[in-house]
Structure formats: C-alpha cells, structure tokens
Amino acid sequence: MLKILYPCYNNYDLMFGENAEFIIENRQQIIVIDDHSSKVEIEKGKKWCEENGVQLNLNPGKGIPAAVDYVVHNYCNKNDWILVMQQDVQFIDRNAISKLGKRLNCFNLNENKIGAIGFPNFVSS
C-alpha cells in the first residue's frame, strides 16, 4: 500500500490551502508529521486534521529523514511504499495516486528487491 507523507513545519496554511481537496480525498493514506512547529501552527494542524480524519503526529526527531523513519516503523508493513510530498505540490492528473499505486503493486507482486525510489537523502537506515 502507498503511504503519503507530508512533513510540515509552520506551513499549514500553505498545505491546506493548496492541497486540502487532495488530502481529504486520500486521507486513508495521508500521514502528516509535524516537525516541531510553533504552538499556534501545531494547533492549527491538529484541528484541521481532526476535522478531516487525517493522521497527524509529532516528529520524534527533526527533518525529513526522521519523519520517514517514524512512518516506516509505525505505519508500514513489508510491501508498503512512502511518497514524500511538499506542502505546495499538486498532481496534474487526478488519477496519479491510483496509477502510482498500481505500478508499485506490480513491484510487490513480482517480489522485486527494491527498497526506495526517489531522492537518496530521504532514505533512512
């Protein structure tokens, strides 16, 4: 299964302003990890996430690698994948997540030995 990670540091207005519809549509797959935002921002994020059924957790460390590590160890199973998003990134194709999920499932079904796709600085050991 595909997990969609939004690491966030004091950018809730941007994230929800740009991506509210996408986040709500995909809320079962979305995990927001707060990176020690200000108290006002954390409360804003918590309130919005609670109202819209989205998971929000505080990053136990700092930065994207720690957020990925947290999601891997707390939300992922053997064949899960993580897509790390930025607050203002949107897909042009509304079916992009569905298409990506199908392609990633092909990797899982073929038992390919692959651990990560994307930027190497997001990979934690």
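**A tour of the salt bridges around lysine 44**

Select lysine 44 to begin: with 28% relative accessibility, this residue counts as partly exposed (buried is under 20% relative accessible area, exposed over 50%, partly exposed in between, with a 1.4 Å probe and protein chains only). The model is predicted: local features need pLDDT of at least 70 and side-chain atom pairs pLDDT 80 or more, while totals for chains, interfaces and linings use all residues. Residues are numbered from 1 along each chain as its sequence is written, and side-chain values use heavy atoms, leaving out hydrogens and water.

Next, add aspartate 13. Its side chain forms a salt bridge with lysine 44 at 3.0 Å, N to O (a side-chain nitrogen of Lys or Arg within 4 Å of a carboxyl oxygen of Asp or Glu). Lysine 44 lies in helix α2 (residues 39-52) and aspartate 13 in helix α1, 31 residues apart (helices are DSSP runs of H or I with at least four residues, strands runs of E with at least two, numbered from the N terminus). Aspartate 13 is exposed, at 54% relative accessibility.

Now add glutamate 41, whose side chain meets that of lysine 44 in a salt bridge of 2.8 Å, N to O. The two are three residues apart in helix α2, so about one helical turn separates them. Glutamate 41 is buried, with a relative accessible area of 10%. Shared partners join Asp13, Glu41 and Lys44 into one network of salt bridges.

Finally, select aspartate 35 and lysine 62, a salt bridge at 3.8 Å, N to O. Aspartate 35 sits in the loop between β2 (30-34) and α2, and lysine 62 in the loop between β3 (55-58) and α3 (64-75). Which of the pair is buried, aspartate 35 or lysine 62? Aspartate 35 is buried at 12%, whereas lysine 62 is exposed at 52%.
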